[in-house]
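Q: Could you take a close look at the cavities in this one for me, and then walk me through the backbone oddities and one of the helices while you're at it?

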Amino acid sequence: MVLTRKRGTSLTTLEGIFLQGIRLQRHGILRKLWKLQGIGRHAIGSRFRRKRFQKREGLQVPAAIAFSPTMRCNLSCIGCYARDYPAENELSLDEIEGLLSSAERMGVFLFVITGGEPLMRDGILEAFERHRRLLFLMITNGKLLHKETARKIAISRNIIPVVSLEGWQEQTDARRGEGVYDQVKRAMGYLQNEGVAFGFSAMVARDNFQTLSSDQFIDEMAERGCALGFYTEYVPVGSAVQWELVLQEQEQKQFRKRILEMRKNKPIMIVHLPDDEYMDDGRCRAVTYGSVHINAQGYVEPCPFAHFASDNVREKGFDEVLRSQFLAKLRSSEAPVRRGRIGCALLENMDILQDIAVKTGAGPTDCPQES
């Protein structure tokens, strides 16, 4: 599978890579994606709805947003960006349904479901299933992904689970906890047996980037049934930052080179963040084009790594929060411009972010723990 990017297009966005992979359909494993309920048709319909809102309302609706239905988790992983969020006062299922309906109506196509561990929310899979025009990429640690869960996902046909690991057993268990690697393998087995389109995700750091970019690792993931792979370089955020995990400049270049090679000759669609997220001028595509992260308490943040918000979906409609002055001023500023090795430009430009937050009434959404 070869992914190309024409001038003026954005096939390196997560949505673009996904849709290009489905169109090419060169490898048998990707044919599973065609089992998803009319997903190509819904993607086209979503695009028309976004354009209609742009023309009629002057509102830029993102194709994809991130949403965390819970910040609770049954693991305590090294490097987790979400450890400082409060666990209480989560959006109710009714409030989540309202959010999904509004986003669906306005043309959002893709929800990246993160957390916390999404499967800790009872009823969340059934809520996703009721919104057939949306595609849900659900990042999970796999501990709660049992046979019955895999069967529910297979029936829904609009959920793609993405199971997290850190490389081989020693690396995964060291960062995520003893026995987690075996649980990941078991979860992948359940999904493969049900014929579900699924993938893996991994946090890329100095201690595992060579493993994650090796032929042996990616070949094993494909053999286990993964159709997708999501690599996210470690972002030093939160109260337990470990700078020694951040890739050095030469290591970043080496890893990126391998990603581009694997895209050409491996039977798996690969997303690599942050590099896939940035345009030629260094601007973060997600922030610039209006994508947001909605946390479990309903606060609308510009990015999962930038824990500031001025609006909450409990208090305002989805269209209203997208008009947020905080988000608008952030998009037009220099804050989304990447300048160094940190994977999130907003963190690199924290002084700009905080200045805009003060001027627009935005505040922090996390509560860092004492070390």
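A: Sure, cavities to begin with: this is a predicted model, and it holds three cavities of 30 Å³ or more. The largest cavity has about 50 Å³ of space in it. Its lining is made up of G79, C80, R83, Y234, V237, G238, S239, A240 and V241. Sort those lining residues by character and you get five nonpolar, three polar and one charged.

On to the backbone, where a couple of peptide bonds are cis. One joins G115 and G116, with omega at about 15 degrees. G116 sits in the loop that runs between β2 (110-113) and α4 (124-129). Another cis bond links L273 to P274, and here omega is about 20 degrees. P274 belongs to the loop between β7 (269-273) and α11 (285-288).

Then there are the positive phi values. N89 isn't a glycine, yet its phi is positive, at about 60 degrees. You'll find N89 in the loop between β1 (64-67) and α3 (93-106). With a relative accessibility of 52%, N89 counts as exposed, since the cut-off for that is over 50%. R157 is another non-glycine with a positive phi, this time about 65 degrees. Look for R157 in the loop between α5 (147-156) and β4 (159-164). Its relative accessible area is 37%, so R157 is partly exposed.

Now for the helix, and I'd pick α2. Helix α2 covers residues 39-57, which is 19 residues, and spans 26 Å from its first C-alpha to its last, close to the 27 Å expected at 1.5 Å a residue. Which residues of α2 are buried? They are I39, H42, A43, S46, R49, R50 and F53. These buried residues take up an arc of only 125 degrees around the axis, so they fall on the same side of α2. Over on the other side of α2, the exposed residues are R41, I44, F48, K51, K55 and R56. If you're colouring by accessibility, note that arginines turn up in both sets: R49 and R50 are buried, while R41 and R56 are exposed. Phenylalanine does likewise, with F53 buried and F48 exposed. Just after α2 comes G58, which has a positive phi of about 65 degrees.

How values were computed. Residues are numbered from 1 along each chain as its sequence is written. This is a predicted model: local features need pLDDT of at least 70, side-chain atom pairs count only at pLDDT 80 or more; totals for chains, interfaces and linings use all residues. Side-chain values use heavy atoms; hydrogens and water are left out. On a 1 Å grid over the protein atoms alone, a cavity is a set of points where a 1.4 Å probe fits but cannot get out, and a pocket is an open set with protein on both sides within 12 Å along at least five of seven lines; lining residues have an atom within 4 Å of a point. Grid points are joined across faces, edges and corners, and a volume is the space filled by probe spheres set on the points. Ala, Val, Leu, Ile, Met, Phe, Trp, Tyr, Cys and Pro count as nonpolar, Asp, Glu, Lys and Arg as charged, and the others, Gly among them, as polar. Helices (H or I, at least four residues) and strands (E, at least two) are DSSP runs, numbered from the N terminus. Buried means under 20% relative accessible area, exposed over 50%, partly exposed in between (1.4 Å probe, protein chains only). The expected span of a helix is 1.5 Å times one less than its number of residues. The arc is that of the directions from the helix axis to the C-beta atoms.
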